[in-house]
Amino acid sequence: MSDYKTIAPSLLSADFVNLERDIKRLEEAGADWLHIDVMDGHFVPNLTIGPPVLKAIKTVTTLPCDVHLMIENPGRWVDAYCDAGADYLTVHVEATRHLHRILQHIRGRGIKAGVSLNPHTPLSSIEEVLSDVDLILIMSVNPGFGGQSFIPNTINKLKRLKKMLSEKGINDVKIEVDGGVKLENIGEIAKAGADVFVSGSGILKQENWKEVIAEMKRL
C-alpha cells in the first residue's frame, strides 16, 4: 500500500447533462482519478454508464478512469470496458463464478484489475486471488445508489484486510473504499488502511469542490 492517498470522485453524483463541465471542474479541483459506477439494474437496482459513455469521457480527460462493474456476469463486458478506455477495472466477487479467470483476463489486456466486496461479504472470499489484483474495493454501503451513509463496521474490515495483506507480504495492492466517504470520516478511514477514497455526494454535492478535495487530502 502506498502512503499517497488518492481521491476518486464518483461521477454518479455528477450532472449528466453537463458531464464534461463537471469532469473539467473535478480536474481543476485536484481530483486524482474519476470513479465510474457501472450498474445493470440486476446485480444492483439501478442503471448507469455503458461503454460508449466511458469512451466519450476518455476524450475529455487525462485522469485515470476507475471503472467499477456492479453487474451480473461481468466477464461478458470486460473487453468492452477495456476497449472503451478503463484504466482500472473492478468486478464483484459476488457476481462471478470464475473470478480468477476474469482478473487474469483484465490484466492480460494491460488494465489494472480490481475486486470488490459488498458489506456482508467476508474477506476470505478473495484470499485466493490476492496475488492477482492491483486493487481491492471495499463497499462501505450497499451498492446501487449514491448518497448513503457509511457502514461503521467497514473500519474493522479495512484493518483486517490491511493485516491480511501485510501477513502475506503483499504491499503493492491498493485498498479502495466506496460509499458514504465524507470529510467527517475520511481521516478514520485512512487510518484504518485505505489508499483510495471514492466520494460522490461528499464532493460533488458540496459548494466548493477544490476546498473539499484539498481538505480530504489533508485529513
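The legends below describe three close-up views of a predicted model. Local features need pLDDT of at least 70, side-chain atom pairs count only at pLDDT 80 or more, and totals for chains, interfaces and linings use all residues. Residues are numbered from 1 along each chain as its sequence is written, and side-chain values use heavy atoms, with hydrogens and water left out.

**View 1. The buried and exposed faces of helix α2 (residues 51–58).**
Helices (H or I, at least four residues) and strands (E, at least two) are DSSP runs, numbered from the N terminus. P51, L54 and I57 of α2 are buried (under 20% relative accessible area, with exposed over 50%; 1.4 Å probe, protein chains only). Seen down the axis of α2, these buried residues fall within an arc of 115°, so they line one face of the helix; the arc is that of the directions from the helix axis to the C-beta atoms. An α-helix has 3.6 residues a turn, so residues three or four places apart point the same way. The face turned away from the buried side of α2 carries the exposed residues P52 and K55.

**View 2. The packing partners of α2.**
The buried residues of α2 pack against α1 (19–29), β2 (34–39), β3 (65–70) and α3 (78–84). Contact here means heavy atoms within 4.5 Å.

**View 3. The cysteines C65 and C82.**
A disulfide is a covalent bond between the sulfur atoms of two cysteines. With a disulfide taken as a pair of cysteine sulfur atoms within 2.5 Å, the count comes to zero. For C65, the nearest cysteine sulfur is that of C82, 13 Å away. C65 counts as buried because its relative accessibility is 0%, and C82 counts as buried because its relative accessibility is 8%.
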